[in-house]
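Got your viewer open? Load the model and keep the selection box handy; we'll walk through it one stop at a time.

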Amino acid sequence: NHTIAKRIVTEATRTGQGIALEDLQGIRDRVRLRKPQRVTLHSWSFHQLGRFIAYKAARAGVAVVYVDPAYTSQGCSACGHVDKKNRPDQETFLCTSCGFAEHADVNAARNIAARGVTSWAVSHAA
């Protein structure tokens, strides 16, 4: 996680961009899974990675914003259409409205980035 966080912050510093992360606080309490899946969920290290990114970004002067994670994986980054059917499987995103297709993780990352830009603009408005 230290290595990943360092790479993310270094790239943000190099490009002069901020970092947008999903606000996943309480996700373990909201998600209902079977017992074998709970073990996997509780071993995720996203919280640690987020903390590492936050402190390394603060040290480097890089802005970090936390965005609402709702529907980031179901929304189309091209047209904004949200539908469960946009995700026919775990790795595929195919918009039922405009036909936009992309890897599901890349599409979700684009949605998170767009929300980050909006969040930053709102929080730093004159």
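What follows is a short tour, from the whole chain down to single residues.

**Stop 1: the whole chain**

Before selecting anything, keep in mind that this is a predicted model. Colour by secondary structure and you should get 5 helices and 4 strands. Going from the N terminus, the elements come in the order α-β-α-α-α-β-β-β-α. Now switch to colouring by accessibility: of the 126 residues, 23% count as buried. If you like contact maps, consider contacts between residues at least 6 apart in sequence: 53% of them join residues at least 24 apart.

**Stop 2: H1 against H4**

Select residues 2–15, which is helix H1, together with residues 46–60, which is helix H4. At what angle do the two pack? It's about 40 degrees, and the axes sit 9 Å apart. That angle is why H1 counts as oblique to H4. Turn the view so that one helix lies over the other, and you'll be looking at a right-handed crossing.

Now show side chains at the contact. On the H1 side, pick His2, Ile4, Ala5, Lys6, Ile8, Val9 and Thr13. On the H4 side, pick Leu49, Phe52, Ile53, Tyr55, Lys56, Ala57 and Ala60. Colour that set by residue class and it splits into 10 nonpolar, 2 polar and 2 charged.

**Stop 3: Gly18**

Keep Ala57 of H4 on screen and add Gly18, which is in the loop between H1 and S1. Draw a distance between their C-alpha atoms: these residues are 39 apart along the chain, yet the atoms are separated by 8.7 Å. Beyond its neighbours within four places in sequence, Gly18 is in contact with Ala12, Val62 and Ala63. Is Gly18 buried, exposed or partly exposed? Its relative accessibility is 47%, so Gly18 counts as partly exposed.

**Stop 4: helix H5**

Next, select residues 104–123 to get helix H5, 20 residues in all. From first C-alpha to last, H5 reaches 28 Å, close to the 28 Å expected at 1.5 Å a residue. Highlight Ala104, Asn107, Ala108, Asn111, Ile112 and Gly116, the buried residues of H5. The spacing of picks like these is easier to read with the helix repeat in mind: an α-helix has 3.6 residues a turn, so residues three or four places apart point the same way.

What covers these buried residues? The cover includes strands S1 (19–22), S2 (64–67), S3 (92–94) and S4 (101–103), so add those ranges to your selection.

**Stop 5: two residues of H5**

Zoom in on Asn107, which is in helix H5. Its relative accessible area is 0%, so Asn107 is buried. Which residues does Asn107 touch, leaving out those up to four places away in sequence? They are Thr72, Gly75, Cys76, Ser77, Phe93, Phe100 and Glu102.

Slide along to Ala113, also in H5. With 41% relative accessibility, Ala113 counts as partly exposed. Put a C-alpha to C-alpha distance between Ala113 and Glu22: the pair is 91 residues apart in sequence and 9.6 Å apart in space.

**Stop 6: Tyr71**

Finish in the loop between S2 and S3 and pick Tyr71. Its phi is near 65 degrees, a positive value in a residue other than glycine, so have a Ramachandran plot to hand. Is Tyr71 buried or exposed? Tyr71 is exposed, with a relative accessible area of 52%.

Key: Residues are numbered from 1 along each chain as its sequence is written. This is a predicted model: local features need pLDDT of at least 70, side-chain atom pairs count only at pLDDT 80 or more; totals for chains, interfaces and linings use all residues. Side-chain values use heavy atoms; hydrogens and water are left out. Axes are lines fitted to C-alpha atoms, for helices over the stretch in contact, and angles run from 0 to 180 degrees between N-to-C directions. Angles under 35 degrees count as roughly parallel, over 145 as roughly antiparallel, 65 to 115 as roughly perpendicular and the rest as oblique. A crossing is left-handed if the near helix is turned anticlockwise from the far one by less than a right angle, and right-handed if clockwise. Contact means heavy atoms within 4.5 Å. Ala, Val, Leu, Ile, Met, Phe, Trp, Tyr, Cys and Pro count as nonpolar, Asp, Glu, Lys and Arg as charged, and the others, Gly among them, as polar. The expected span of a helix is 1.5 Å times one less than its number of residues. Buried means under 20% relative accessible area, exposed over 50%, partly exposed in between (1.4 Å probe, protein chains only).
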